[in-house]
Amino acid sequence: MWDVKETVDFGDAATGSGTFASVDVTVPGVALGDMVLGIAAGVDTVDAVIGGAVTAANTVTLTLLNNTAGAVNLASTTVRFLVGRPNW
């Protein structure tokens, strides 16, 4: 299990209604098939959603999805997330 704390900046990608912005985070040791279990942001996400997935070896992609009626422009913030490796 990986407990990751990283500063990310979705603010450079002001997302309009129905759009998304992604940021890659390097997490040594994660692999395809690992799961991002939870994400906590240090700012209000303004009703947008942050999701995460392992997209390559050592890489987690966090995606801000704007489901609101207007633009969302988040400040740079610290994000914490857990990555687990299933054993099934």
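Two strands are said to pair if DSSP finds at least two bridges between them. In the predicted model described here, this idea of pairing gives a way to follow how strands S4 and S5 are joined, since seven bridges link S4 to S5, and the two strands run antiparallel. One of these links involves Val54, whose bridge partner in S5 is Val60. Strands S4 and S5 form a hairpin with two residues between them, and Asn58, which lies in the loop between S4 and S5, has a positive phi of about 70° although it is not a glycine. With a relative accessible area of 33%, Asn58 counts as partly exposed, because this class covers values between the 20% below which a residue is buried and the 50% above which it is exposed.

Strand S5, which comprises residues 59-65, also pairs with S2 in the antiparallel sense, again over seven bridges. Within this pairing, the bridge partner of Ala21 is Leu64 of S5. Taken together, three strands form an open sheet in the order S2-S5-S4, with antiparallel pairing. The edge strands of this sheet are S2, covering residues 20-26, and S4, covering residues 49-56, each of which pairs on one side only. From one strand to the next, the twist averages 25°. As a general point, strands of a sheet pair through backbone hydrogen bonds, and the pairing may be either parallel or antiparallel. Strand S5 is largely enclosed by the rest of the structure, because five of its seven residues are buried.

A further residue with an unusual backbone setting can be described in the same terms as Asn58. Asp47 is found in the loop between strand S3, which spans residues 35-41, and strand S4, and this residue has a positive phi of about 65° although it is not a glycine. Asp47 counts as exposed, because its relative accessibility is 68% and the exposed class begins over 50%.

On the surface of the model, a nonpolar patch of about 630 Å² is made by Met1, Met35, Leu37, Leu82 and Trp88. Among the residues of this patch, Met1 has its place in the segment before strand S1, which covers residues 2-8. Met1 counts as exposed, because its relative accessibility is 68%.

Considered as a whole, the protein has a secondary structure of zero helices and six strands, and its pattern, read along the sequence, is β-β-β-β-β-β. The radius of gyration of the protein is 13 Å, which is close to the 12 Å that the globule rule gives for 88 residues, so the protein is as compact as a globular protein of that length. Along its principal axes, the C-alpha trace of the protein spans about 40 × 20 × 15 Å. Of the 88 residues of the protein, 34% count as buried, a class that is reserved for residues with under 20% relative accessible area.

Terms used. Residues numbered from 1 in each chain as written. Predicted model: local features only at pLDDT ≥ 70, side-chain atom pairs only at ≥ 80, totals over all residues. Heavy atoms only, no water. Helix = DSSP H or I, 4+ residues; strand = E, 2+ residues; numbered from the N terminus. Axes fitted to C-alpha atoms, helices over the stretch in contact; angles between N-to-C directions. Patch = residues over 30% accessible without salt bridge, like charges linked within 9 Å, V, L, I, M, F, W, Y side chains within 5 Å. Areas by Shrake-Rupley, 256 points an atom, 1.4 Å probe, with all protein chains shown as cover. Salt bridge = Lys/Arg side-chain N within 4 Å of Asp/Glu carboxyl O. Buried < 20%, exposed > 50% of the residue type's maximum accessible area, 1.4 Å probe, protein only. Rg over C-alpha atoms; globule rule 2.2 N^0.38 Å.
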